[in-house]
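Trainee: I'm new to this one, could you walk me through how the chains touch?
Mentor: Gladly, let's put it up and take the contacts in turn.

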Amino acid sequence: MAKRVSLSGNEAVAFGMKQINPDVVAAFPITPSTEVPQYFSQFVANGQVDTEFVPVESEHSAMSACLGAAAAGGRVMTATASAGLALMWEMLYVGASMRTPLVLAVTNRALSGPINIHNDHSDTMGARDSGWIQLYSESAQEAYDNLIQAVRIGEHKDVQLPVMVCYDGFITSHAVENLEMLEDADVKNFVGENRIAPYALLGKEPMSMGPLDLPNHYFEHKRLQAEAMKNAKNVILEVAAEYEKLSGRKYSFFEEYKMEDAEAAIVVINSTAGTAKYVVDNLRAQGKKVGLIKIRVFRPFPAEEIAKALKNVKAVAIMDKLDGFSASGGPLFNEVRSAMYGVADGKIVTSYIYGLGGRDVTSVNIEKVYSDLFSAIETGKYEVYNYLGVRE
Amino acid sequence: MSNRKVNITPDTTWKETTPGGVIVDAGNAEDFKTGDWRSMRPVWHEDKCKHCLLCWVVCPDNSIKVENGKFVGFDYDHCKGCGVCTKQCKFGALDFVPEE
Amino acid sequence: MGKLVEIRWHGRGGQGAKTASLLLAEVAFNTGKYIQGFPEYGPERMGAPITAYNRISDDPITIHSNIYEPDYVVVVDETLIKSVPVTAGLKENGAVIINTSKSPEEIKKELNYNGKVYTIDARKISEETLGAYFPNTPMLAAVVKITEVVSVEVFLNDIEASFKHKFANKPQVVPKNMEAVKRALEEVKGNE
């Protein structure tokens with residue numbers, strides 16, 4: 001039986017970690033993620049978990065300690081945001097290439113400068129090519145559900161990769177909402193035995209990890225790492241199916257909202273998807289054929305599936321909550337547009353960069369995007385690259 | 001080499017290699033013959049050797065072969081020719097000569 | 001979609017407006033509602049104006065923006081009305097609930113707002129019942145009474161249980177807090 005609760009995103013994640021009861025948590029506090037290690041260290045102090053909590057002196061050290069613990073065979077979790085994730089950068093790549101599963105909860109926050117503590121997706125989108133699996137969350141509920149599934153996905157023998165669970169700083173991390181928590185025993189049963197331990201440094205066989213790798217072998221190891229990311233696609237769906245049986249909540253690579261006969265669609269990530277659903281409902285009530293795709297899994301990128309989902313739209317706006325500074329649209333825009341090539345050709349495809357540094361995203365903003373799309377369909381005239389909500 | 005769990009060679013493909021380059025065979029450094037790095041070669045004069053085994057102590061590559069507490073020869077497959085053993089020998093039992 | 005009630009709170013850092021908004025969310029949650037309670041964060045410190053928000057509905061709430069056209073505005077510190085446009089966007093058929101010793105008529109003159117104005121002297125009530133200035137409890141009761149997001153009867157039962165839980169170590173303060181609640185329910189008054 002699930003428990004109906006009202007929690008902030010950070011509380012939901014901390015309680016999820018408590019239910020998972022990892023072996024090691026090494027963390028360094030940073031706004032707006034601080035509450036996660038803060039609450040969790042209270043669980044440790046109260047003896048409510050068996051975790052070894054390692055208070056470190058920086059995020060680089062936090063990730064290093066986590067990798068060491070995971071390499072030794074421990075089930076490991078941590079949390080960070082923004083500059084904290086940036087300071088972990090070197091170690092993110094090491095963790096992925098060492099094939100050490102661990103779960104990192106990231107409250108998405110803008111990167112400096114100028115200095116800003118508020119939400120956008122610059123931090124995790126910058127880490128998109130680090131080799132980590134990335135799950136994104138619209139709400140506290142999804143952050144909690146993704147966290148629990150992340151353990152199973154990362155530890156699967158065909159995957160063995162670290163997983164980032166991302167949710168919007170403040171908007172989700174500090175807002176109290178309704179959600180359903182699973183029973184402790186159900187989470188314990190779902191995450192099951194630690195699947196890393198037998199294959200790790202302190203496992204059954206002696207081994208060395210993280211060796212020097214020269215040109216004659218590095219490429220083969222990277223190719224094998226890429227295969228693990230491909231394998232993750234099936235594993236993510238398997239774990240989601242099992243989680244649905246337990247929770248009643250359905251997860252996939254992305255959520256399609258009223259896409260069946262949609263002519264104009266938005267592709268978006270995290271909490272803005274919720275606001276966009278509200279707009280879709282209102283526009284549908286006016287008879288407008290609008291839909292929404294909310295990305296849950298950005299790495300591995302579900303290219304074929306997204307292209308298929310967009311096959312019947314006339315126009316699609318792809319929204320990035322960061323500026324990739326490519327001078328040609330944000331990363332989600334480029335990946336989705338590239339995925340559509342040869343599969344969903346002949347569409348109007350536009351880029352919207354929005355919500356930087358915590359700029360509030362309102363239903364009026366989203367209505368503007370749909371209105372732009374219908375105008376593009378009717379007149380054939382439109383801008384490909386757009387900034388939404390910036391003062392012109 | 002045949003007793004290795006994973007036989008890594010210069011031709012190993014990505015499907016055959018280990019995740020992240022994990023080394024699953026303890027002591028597989030022995031498979032890599034570092035002896036061909038050598039330009040100078042230690043030579044043993046059995047008649048002057050007291051079998052004090054200080055050469056074994058200082059050798060960074062475990063290339064001094066010992067049996068029953070006595071020096072019996074060099075492991076030329078792995079000796080890189082650093083000459084540390086010859087430098088420390090107090091009895092003139094180890095010479096250091098150019099490779100031919 | 002059922003009725004969605006949107007509330008904006010204005011207070012000063014350290015006065016507990018954020019906590020009050022979370023308490024209201026909790027009260028509504030306990031009666032089976034869907035809720036949101038969230039502050040607007042900035043560089044504010046003690047004394048700086050802060051804003052917090054509530055959405056309360058019978059149906060799941062997906063919208064995740066701030067609230068620009070609230071049904072109700074709650075002002076925890078009356079000095080704010082001089083410096084902050086507290087009624088900005090407030091619906092004409094909504095209401096302002098303000099912590100003040102002044103009458104609704106006096107406050108209405110100071111606000112640029114044509115809708116209903118309710119006043120509650122939370123300072124007086126809290127000082128007389130709790131012996132110190134804790135405006136949250138009387139403000140919460142007044143907001144429940146005016147917004148009707150939950151029935152007063154349900155609220156009284158729920159808040160008493162929550163005080164008993166919160167003050168398990170000093171049960172003598174529970175009746176005092178309940179007194180503050182009941183007085184606020186009676187004393188909040190409006191200019192219709």
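**Chain C against chain A**

Mentor: Bearing in mind that this is a predicted model, chain C and chain A bury about 1700 Å² between them, and carbon and sulfur atoms give 58% of that area.

Trainee: Which residues of chain C supply the area it buries against chain A?

Mentor: C:Phe29, C:Tyr41 and C:His64 supply 39% of what chain C buries there, which is more than any other three residues.

Trainee: And how many salt bridges and polar contacts are there between those two?

Mentor: The rule finds 0 salt bridges across the interface of chain C and chain A, while 14 residue pairs are in polar contact, counting pairs with both residues at pLDDT 80 or more. Helix H1 (17-30) and strand E2 (34-40) of chain C each supply at least two residues of the side that touches chain A, and the largest share, 6 residues, comes from E2 of chain C.

Trainee: What does E2 of chain C pair with in chain A?

Mentor: Strand E8 (residues 176-181) of chain A is joined to E2 of chain C by 2 bridges, and the two strands run antiparallel; within E2 of chain C, C:Gly37 stands opposite A:Val176.

Trainee: Switching topic, how many residues are in contact between chain A and chain B?

Mentor: There, 15 residues of chain A are in contact with 16 residues of chain B, and the two chains bury about 1400 Å², with 64% of it on carbon and sulfur atoms.

Trainee: Which residues form the salt bridge there?

Mentor: A:Glu205 forms a salt bridge with B:Lys5, with their closest N and O atoms 3.1 Å apart. On the side of chain A that touches chain B, helix H9 (residues 215-247) of chain A gives the most, with 7 residues.

Key: Residues numbered from 1 in each chain as written. Chains lettered and ligands numbered in written order. Predicted model: local features only at pLDDT ≥ 70, side-chain atom pairs only at ≥ 80, totals over all residues. Heavy atoms only, no water. Contact = heavy atoms within 4.5 Å. Buried area = accessible area lost by both parts, 1.4 Å probe. Salt bridge = Lys/Arg side-chain N within 4 Å of Asp/Glu carboxyl O. Helix = DSSP H or I, 4+ residues; strand = E, 2+ residues; numbered from the N terminus. Polar contact = N/O pair within 3.5 Å; in protein donor to acceptor, adjacent residues only side chain to side chain. Pairing = 2+ DSSP bridges.
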